[in-house]
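Work through the exercises below with the sequence and the structure at hand. Try each task before reading its solution.

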Amino acid sequence: MAEFGEWNSRPSTRSGYSQRSVSRKLTSSSPSASATHRRIASDGVPPSYRSLGDDTFGITHPSSVSPESEQWLPIMGAVRPTDSSISANWSEDDGLVSGMQKLPAPSYQSSRPKPAPMQFEDSPMDYYSPPGSSRSIFSPRGRFQRACRTDSRTNLLNTPSTTAWRSPLTPPPYSTLMPPARSWWHWRPAWLMYLSFIFGVACAVGHHIFYKSLDGKPAEAQITMLRYGTVLSYAAKAGLGAAVIFAFRQRIWTTVKTKFLSVDALDSLFAATEDVSALLNIELYRRAKIAMLLAAFIWLTPIVIILTGNTLTVEPALRVDNTTCQGIRTLNFTQEEIEEWRTATRINGLFGLSVTLWNNTTPDTSSPDFFDYYTDSSNPLIRVATQAVFIKQAVSKVSSNIDICGSGWNCTYTINFTAPAYKCSELASGVGSEISQLGDQKPPDGFSTKLLLPEGNYSYYAYTGGGDYSSQQMKEVGKGGVPTTNPPFPATLGAFRTEPAIWIGYSARSNPDEAPPLNSSMPGWNDAFIPKVIGCEHYEADYTVLFNLTGGQQITNVTELKFLRRVVDTTWIQGEDANDGTNDNTTAYPKSNYVYPRDLHKYRRVAAFHSIGSQLRSFINGTMDSHQLDTPIGETKADQTILLDPGHEYFAYPNIMDLVPALHEDMILSLFSNQQFLSVVWAAKPDTISGTDTGDESTKYPCMKSRLENVYEYHERDLWIVYSLAILLAAAGVVSGTLAILENEGVLRSTRFSSIVAATRGPALEKLGWVGEDRGNVPRDVKNLKVGYGIVHGVSGLGVLQEDTRGPERAAWEGGDIRYGFGLEGDVQQLRSPVRREGSLFRQR
């Protein structure tokens, strides 16, 4: 209390300064809910103030008080208390002391004559606000403590419906009402801009993930999938666009607070995001560059939907599935070894077919002299071998593509089996060259390069019967090849003594692209041809074959061929007759390697291989006489094969050494065209004859299925180019909006109707002639006026705007609130360097 007294007794240091004191009075007889403010005339001697502490409100009294000089005026913030306990604290002289100890009245200065009442100019300085409104709190230490921020936004949005008047020098009333503190996590409007941006980025990422999941998948429900993508694209555009729109609104207020623009430019600025003609205002590009860039981005965002929609296309593509197929077959000639032709195997009512035909020594199968022996190739084998020769490729079953791959599919698979194969090598090349041996086998007698062009008459000469098995083993036989002679039979009856080798001589053209001489009498004949000789031996080999069934066509490729052993491992001796009692005079060494009929399994296997080889040898054996090139004379079936070129006078192809084994392979692979062959088995179950069955789960074998189908193709690079640019520009817009919010005192401003109305109310714009045509058009001279947003100057009683030279804080000390709004250049004070006020972007009050 001593300190309080000292504050009351402190002399005034500002002479000649007139100031009003504040006093509150509770009038019990008044029915009004509002309090009254007593205005007291002063003679110019200012009162003294003293701070009672950091959290104590000081009470100010005038130096002299006269009841006659008191006047009652309504002021903002002073209301009649409704609680009786509080009403007791209201006094006639001391005002309101709520919840505090009543302070003693300060001592006054020496008495002086009662001054005449001062005349005050009535100026609208404040408006009535209900209790708890955001107002400045006076502090005796000479500073202002704010229960809530006082800025342009609160002045815009808190415009009252009734107006109260007070003197410009009346200090603001005292208040102890403090707004409750809000937690840091409570909703703040500025967050919507950032959440919109995050939502847009999330939708862009979701768009990418959705299209990535469709990439390479069959194009099913195309319209639905494209619609989903469009929705995500639109959502991304909407999120990014919304964030930039928020930033644009903040940039509008930053622009009008710092720059004066014409009314026409303001019209265009506020309509830039919704009226494309607003973008044609040149003044905006000089005065509001950033805002116009944001507006341009908003107009261009629909391009995001258009460009990203084309990043998922439907294109034909080859679909490849590593799976299994149930109709795949392979070859197993073991079935030929165990098949008994008298009790033939039947599958689905059909006989199993062998590649061989058999004779026997006696009808009595129980006789000790009984055995079967080979006689010739079977008709089914001859048929498929002939077809392979004529179509110049392996014969395939008509429905094999559907049976194996399935309808609408192509497939490839690889099988392995053991079968006969020919191994060829070049033995001679050039005029007069000697023919080398084929292993231990010497060339046939009389076979030399002299038979071939240019020295001889033949362009093709093949000898394939040396040491061949005789189909009639005895000179006299009965039905079924039964010898007419009595047993014992010759030991070599039906024995495979050797397997004939293939000897082929052919002439190759020296210059295939030039027309050769037609006969030997023409110049250049001797240099036009090169005689060559190749030889081939019959082997047993392991095959690895790739089957490709595409579009109903079968393409085969022997990817690996491993030769194991010769079919009959002997060497034919020319000119030496056997004279062993059979009709076959072939002699070969060593005789111990002969294959005899009583060696049943081996004999039947060799017989099958010999039977297939005999079909090849029968087609390529013979000659082609070409001494007159334009009229070749053929004594061979080789002209029906892939060995001779009909386009070049039936000369042998240069790669005939590879074509001979290939023709033999085509014959072997053609066995698959007739599934009744005993050697055709399931690839998954090589010991089971397949017959004509389509197979089941137990016969599934690995294969690769493929087909052309429409699939989704995602152009990831194109999508992210579009989204990266959009996100980058939107991020720049958000940064611009953040800076604008900070410049706008840390609050999010809007361009709603109420905000615009609040910003344009007041006398600053009333003096303009807004009345235009009945269509609502504003006169051109008004549109050219420069208008800005800021602190609006006061208005005198005569309606004249008066500049307030006090700073915002000084104005609040002496006159109360700061008035913000739109006004003409010269009537509005703009803050070029925004004042940092309490509160921030993330902790707004």
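**Exercise 1. Contacts and composition**

Task: Among contacts between residues at least 6 apart in sequence, what share joins residues at least 24 apart?

Solution: In this predicted model, the share is 75%. Next, take the secondary structure, which comes to 18 helices and 34 strands. Last, look at burial: of the 845 residues in the protein, 47% are buried.

**Exercise 2. Two helices**

Task: Classify the packing of helix α8 (residues 289-300) with helix α9 (residues 302-309), and list the residues that meet.

Solution: Step one is the geometry. The axes of α8 and α9 lie 5 Å apart, and the angle is about 40 degrees. Step two is the class. Angles under 35 degrees count as roughly parallel and those from 65 to 115 as roughly perpendicular, so α8 is oblique to α9. Step three is the contact. From α8 come Ile298, Trp299 and Leu300, and from α9 come Pro302, Ile303 and Val304. Sorted by class, the contact of α8 with α9 has six nonpolar residues, with no polar and no charged ones.

**Exercise 3. A strand and its partners**

Task: Find which strands pair with β24 (residues 622-625), and describe where the side chains of β24 point.

Solution: Begin with strand β18 (residues 458-463). β18 and β24 pair in the antiparallel sense, over four bridges. In this pairing, tyrosine 458 is opposite aspartate 625 of β24. Then turn to strand β25 (residues 633-636), which pairs with β24 over four bridges, also in the antiparallel sense. Here threonine 623 is opposite glutamate 635 of β25. Now consider directions. Gly622 and Met624 point one way from β24, while Thr623 and Asp625 point the other way. All four of these residues are buried.

**Exercise 4. Salt bridges**

Task: How many salt bridges does the structure hold? For three of the pairs, decide whether each partner is buried, partly exposed or exposed.

Solution: The structure holds 22 salt bridges. Side chains of opposite charge can pair when their charged atoms come close. For burial, the cut-offs are under 20% relative accessible area for buried and over 50% for exposed, with partly exposed in between.

- First pair: aspartate 403 and lysine 397 form a salt bridge, 3.4 Å from N to O. Aspartate 403 has a relative accessible area of 28%, so aspartate 403 is partly exposed. Lysine 397, at 26%, is also partly exposed.
- Second pair: the side chains of glutamate 499 and arginine 617 meet at 3.1 Å, N to O. This pair links distant parts of the chain, 118 residues apart: glutamate 499 is in the loop between β18 and β19 (502-509), and arginine 617 is in helix α13 (residues 600-620). Glutamate 499 is buried because its relative accessible area is 9%, and arginine 617 is buried at 2%.
- Third pair: arginine 707 and glutamate 709 form a salt bridge, again from N to O, at 3.1 Å. Arginine 707 is partly exposed at 25%, whereas glutamate 709 is buried at 11%.

**Exercise 5. A network**

Task: Which residues are linked with Arg707 and Glu709 in a network of salt bridges?

Solution: Start from the bridge between Arg707 and Glu709. Then add Arg319 and Asp321, which complete the network of salt bridges.

How values were computed: Residues are numbered from 1 along each chain as its sequence is written. This is a predicted model: local features need pLDDT of at least 70, side-chain atom pairs count only at pLDDT 80 or more; totals for chains, interfaces and linings use all residues. Side-chain values use heavy atoms; hydrogens and water are left out. Axes are lines fitted to C-alpha atoms, for helices over the stretch in contact, and angles run from 0 to 180 degrees between N-to-C directions. Angles under 35 degrees count as roughly parallel, over 145 as roughly antiparallel, 65 to 115 as roughly perpendicular and the rest as oblique. Contact means heavy atoms within 4.5 Å. Ala, Val, Leu, Ile, Met, Phe, Trp, Tyr, Cys and Pro count as nonpolar, Asp, Glu, Lys and Arg as charged, and the others, Gly among them, as polar. Buried means under 20% relative accessible area, exposed over 50%, partly exposed in between (1.4 Å probe, protein chains only). Two strands pair if DSSP finds at least two bridges between them. A salt bridge is a side-chain nitrogen of Lys or Arg within 4 Å of a carboxyl oxygen of Asp or Glu.
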